[in-house]
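This report covers a two-chain contact, the nonpolar packing and a few selected residues. Please read it alongside the sequence and the coordinates.

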Amino acid sequence: MTDAAATVNGSEVDQSRRRFLTVATSATAAVGAVFTISPFVASWEPSERARAMGAPVTVDLSKLEVGQMVTYVWRRQPIYIFRRAEQAVQDLAAHDGRLKDPKSLDSEQPPYAKNERRSRRDDIAVLIAVCTHLGCLPKQHFQTGDPVLGTDWPGGFLCPCHGSRFDMAGRVFNGSPASTNLRVPPYSFPAENTLVIGQDEDTAQGAA
Amino acid sequence: MASVDAPTQGGFRGWLNKRLPVDSFIRSQLLDYYAPKNFNVWYFFGSLALLVLVMQLFTGIFLAMFYKVGDTTAFDSVEYIMREVDYGWLIRYLHSTGASAFFLVVYLHMYRAFLYGSYKTPRELLWLFGMFIYLALMAEAFMGYVLPWGNMSYWAAQVIINLFSTIPVVGPGLVEWIRGDYGVADATIDRFFALHVVAIPLVLLLLVALHLVALRQTGSNNPDGIEIKEHPGPDGKPIDGIPFHPYYTVKDVFGIGVFLTLFAIVAFFVPTFGNLFMEEANFEPANPLSTPEPIAPSWYFTPYYAILRAVPNQRLGALLLLLAVLAYFFVPWLDRSPVKSVRYRGWLFRGFLALFTVSFLALMWLGMRPATGGYVTAARVFACGYFAFFVLMPWYSRRDRVKPVPNRVSFHA
């Protein structure tokens with residue numbers, strides 16, 4: 001077996017040639033197996049229908065009062081839309097020291113929301129209401145000094161699952177299991193009181 | 001004993017044995033298979049796990065006849081099973097109680113291995129197959145839990161699938177691939193159904209077969225951790241062994257009787273087991289806009305869940321959860337003790353085993369409590385205890401002052 005010059009029926013067997021053929025056949029079969037498995041793997045991607053259902057959502061902001069929040073669903077994710085008071089936006093800078101990522105450097109958001117208020121416009125905040133820890137729905141705790149969250153609570157969100165806390169701009173507080181701020185979806189304001197979630201300058205020409 | 005499948009054998013049995021090795025299989029696997037004579041109560045759980053597997057397959061097949069997969073139909077079809085299918089409630093409760101029973105007997109079965117060193121040489125592979133069964137069982141239980149599409153189902157799927165998002169680079173794309181949508185959706189439940197009823201049960205059956213073949217190869221360990229094969233009698237059979245049939249088949253039948261009695265009491269009278277086996281929030285349909293409070297996985301996952309929540313960093317938490325499960329795989333190589341059974345180990349090992357036991361149970365309890373203040377601190381302490389058992393094992397198992405192991409098993413008739 002190990003003998004390179006083994007004989008079969010009196011004639012010599014070229015073992016190295018045999019080994020080469022075995023390896024070459026196996027390698028070809030392995031490549032073929034990868035190609036064969038790929039459609040099955042691809043079938044798990046979001047289907048055409050799921051992608052089509054991910055179309056932009058239009059929201060009328062005219063009835064949204066200061067301090068009020070509405071929830072819409074875009075791409076099966078709940079989206080929080082709320083109007084912040086001018087004072088609340090100014091107060092955001094006051095607790096930068098207690099945040100993990102105050103400048104949103106490691107967080108996910110479109111370029112126009114990569115700022116301290118994490119929004120296009122000062123007043124309107126648009127956040128994906130999926131906790132960046134493990135995906136629960138953070139609950140609204142807008143009242144400052146909330147009895148549950150302590151007297152120094154500046155208002156924001158608390159995730160009921162694992163206790164992550166976020167401020168009024170969706171920025172995560174130190175001591176939370178989540179390590180990044182709440183994500184911001186792409187959005188735009190075609191008119192003063194109209195918000196379109198899932199569409200901005202980048203996506204306008206593209207797929208959406 | 002005359003060979004029962006000799007060519008001279010006549011009649012139907014002879015005809016059959018010429019074509020299928022029935023008699024020789026029974027002989028080699030049951031009559032001539034010698035198991036140690038000193039098995040105790042810890043040795044019931046392997047056969048019970050096999051029984052529960054068969055029960056789950058049976059009740060599961062019937063549930064699949066009435067269940068309608070899909071995000072708009074699943075919840076209603078489960079209610080239909082519960083209210084309108086004759087004895088549908090019973091079939092479902094047998095299946096849901098069976099899931100918890102499965103984990104209970106598997107945990108006791110695994111604990112037996114810790115007590116008596118059953119994972120040690122030459123049974124490493126046997127242990128690994130068992131661990132793969134445990135992993136497959138976790139996947140099976142999780143996906144089965146999602147199928148009723150109650151609110152806890154939905155959010156369990158959301159949280160567990162999101163664990164994969166912590167993987168660097170590929171995480172977010174991987175999560176979308178698993179769900180088949182931008183959130184947990186119809187596509188998700190459909191594929192979970194296929195995996196739960198076809199793919200994973202097949203994998204489980206294959207692994208169980210490998211587990212049993214490996215067991216037959218090495219033979220069972222026993223409470224004394226002595227290799228009975230090393231002490232054969234004049235007939236070549238181990239002196240401390242007895243034929244599996246009839247001695248252990250009868251013992252296992254007795255165990256099954258006790259188990260089924262307890263099982264029936266739970267299935268009939270307390271199927272939800274005080275929110276532990278079935279959670280209240282899951283009697284409401286899935287609602288993507290409302291996370292149930294409190295959110296907790298089934299009791300058999302809570303130790304790992306408590307570890308996950310104890311870590312204030314998401315990636316590290318997910319990593320520790322993974323390590324907590326994978327740690328079991330390495331135990332045969334972490335344990336450097338010259339003896340197997342806890343009976344002949346010293347106080348060092350016993351102390352660490354006690355620490356592990358307390359930590360596991362405490363984490364199980366903490367995983368059901370809210371993730372606040374003292375609970376999180378306690379979870380951190382016990383998570384350290386849990387990992388200390390594994391990480392320090394190479395040290396304390398070697399340092400331990402073991403007692404001399406006798407040649408023969410101790411047996412009190």
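Across the interface of chain A and chain B of this predicted model, the rule finds one salt bridge, a term that stands for a side-chain nitrogen of Lys or Arg within 4 Å of a carboxyl oxygen of Asp or Glu. The partners are R76(A) and D181(B), whose closest N and O atoms are 2.7 Å apart. The interface also has 12 residue pairs in polar contact, both residues being at pLDDT 80 or more. A polar contact is a pair of N or O atoms within 3.5 Å; within protein, one must be able to donate a hydrogen and the other to accept it, and residues adjacent in sequence count only if both atoms are side-chain atoms.

On the side of chain A that touches chain B, α2 (48-52), β4 (69-74) and β5 (77-83) each supply at least two residues. Helices (H or I, at least four residues) and strands (E, at least two) are DSSP runs, numbered from the N terminus. By class, this side of chain A has 14 nonpolar, 11 polar and six charged residues. Here Ala, Val, Leu, Ile, Met, Phe, Trp, Tyr, Cys and Pro count as nonpolar, Asp, Glu, Lys and Arg as charged, and the others, Gly among them, as polar.

Two conventions apply throughout. Residues are numbered from 1 along each chain as its sequence is written, while chains are lettered from A and ligands numbered from 1 in the order in which they are written. Local features need pLDDT of at least 70, side-chain atom pairs count only at pLDDT 80 or more, and totals for chains, interfaces and linings use all residues; side-chain values use heavy atoms, with hydrogens and water left out.

The contact (heavy atoms within 4.5 Å) involves 31 residues from chain A and 32 residues from chain B. Between them the two chains bury about 2600 Å², 60% of it on carbon and sulfur atoms. Buried area is the accessible area (1.4 Å probe) that two parts lose on being put together, summed over both. In chain A, the residues that lose the most area to chain B are W44(A), R76(A) and L134(A), together 30% of what that side buries.

Over all chains the structure holds 21 salt bridges. R76(A) lies in the loop between β4 and β5 of chain A and D181(B) in the loop between α8 (171-179) and α9 (186-218) of chain B, so this pair joins two chains. Burial is classed by relative accessible area: buried is under 20%, exposed over 50%, and partly exposed in between (1.4 Å probe, protein chains only). R76(A) is partly exposed at 30%, whereas D181(B) is buried at 4%.

Three of the salt bridges are listed here.

| Pair | Closest N to O distance |
|---|---|
| R76(A) and D181(B) | 2.7 Å |
| K103(A) and D96(A) | 3.9 Å |
| E116(A) and K103(A) | 2.7 Å |

E116(A) and K103(A) both lie in the loop between α3 and β6 of chain A, so their bridge ties together parts that are 13 residues apart in sequence. K103(A) is partly exposed at 46% and E116(A) is partly exposed at 27%, while D96(A) is buried at 17%. A network of salt bridges links D96(A), K103(A), E116(A), D167(A) and R171(A).

The loop between α3 (86-91) and β6 (124-128) of chain A also holds S119(A), which is buried at 0%. A polar atom of the S119(A) side chain lies 2.7 Å from the backbone oxygen of R121(A). Leaving aside neighbours within four places in sequence, S119(A) is in contact with R84(A), Y112(A), A113(A), I124(A), A125(A) and Y187(A).

A nonpolar core is a set of buried Ala, Val, Leu, Ile, Met, Phe, Trp, Tyr and Cys residues joined through side-chain atoms within 4.5 Å. The largest has 154 residues, and I81(A) and F103(B) are among those with the most contacts inside it. Helix α6 (residues 124-146) of chain B gives the most to this core, with 15 residues. Not counting residues up to four places away in sequence, F103(B) touches several residues, including Y134(B), L137(B) and W299(B). Apart from the largest core lies another, of five residues, among them L99(A), L149(A), W153(A) and F173(A).

In chain B, I228(B) is placed in the loop between α9 and β2 (241-243) and is buried at 7%. I228(B) and L195(B) are 33 residues apart in sequence and 41 Å apart in space, C-alpha to C-alpha.
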